[in-house]
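Trainee: I would like to learn how to read the features of a structure that is new to me. Could we go through it together, one feature at a time?

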Amino acid sequence: MKSRSILAGLLTLGLITGVALSSQAQEKKESLGQKIGTTAKKVGNKTAEVAVKGTSKVTDKVWEGKMAPDGTDVYINSKNRKYYINKKGKKVYLKASQIKNRPEKH
């Protein structure tokens with residue numbers, strides 16, 4: 001009788017422990033501070049991208065009919081170097097082989 005109650009107790013303890021561990025392992029929630037940091041980084045990157053593109057449109061020429069590998073505009077600076085602006089707002093200079101013709105709209 002004692003061995004049955006001890007066995008039942010151990011079995012119950014094992015089930016409770018298993019359920020508790022599996023419910024914790026289901027998902028990792030991002031803390032509020034991490035969400036704010038991620039969002040701030042996205043906003044900062046987009047702001048930098050828009051600012052650099054605006055400056056480039058004013059100071060440099062846009063190469064009509066050509067596009068960068070990611071499909072964005074290609075700019076030509078005063079030293080005749082070709083570049084595009086990536087999603088983080090950085091100028092990425094291109095080799096001649098990286099520049100593609102933009103497909104015509106029908």
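**Strands, helix and core**

Mentor: Lysine 61 in strand β1 stands opposite isoleucine 76 in β2, where strands (E, at least two residues) and helices (H or I, at least four) are DSSP runs numbered from the N terminus. This is a predicted model, in which local features need pLDDT of at least 70 and side-chain atom pairs count only at pLDDT 80 or more, while totals for chains, interfaces and linings use all residues. Residues are numbered from 1 along each chain as its sequence is written, and side-chain values use heavy atoms, with hydrogens and water left out.

Trainee: How many bridges join β1 to β2?

Mentor: Two strands pair if DSSP finds at least two bridges between them; here three bridges join β1 (residues 61–67) to β2 (residues 73–76), and the two run antiparallel. They form a hairpin with five residues between them, and glycine 71 in the turn has a positive phi of about 95°.

Trainee: Which residue stands opposite isoleucine 76 in β3?

Mentor: That residue is lysine 82, and β2 is joined to β3 (residues 82–85) by two bridges, again in an antiparallel arrangement.

Trainee: Which residues of α2 are buried?

Mentor: Buried means under 20% relative accessible area, with exposed over 50% and partly exposed in between (1.4 Å probe, protein chains only); in α2 (residues 32–59), the buried residues are Glu49, Val52 and Ser56.

Trainee: Which residues make up the largest nonpolar core?

Mentor: In soluble globular proteins, nonpolar side chains tend to be buried together. A nonpolar core is a set of buried Ala, Val, Leu, Ile, Met, Phe, Trp, Tyr and Cys residues joined through side-chain atoms within 4.5 Å, and the largest one here consists of Ala68, Val74, Tyr84, Leu94 and Ile99.

Notes:
The expected span of a helix is 1.5 Å times one less than its number of residues.
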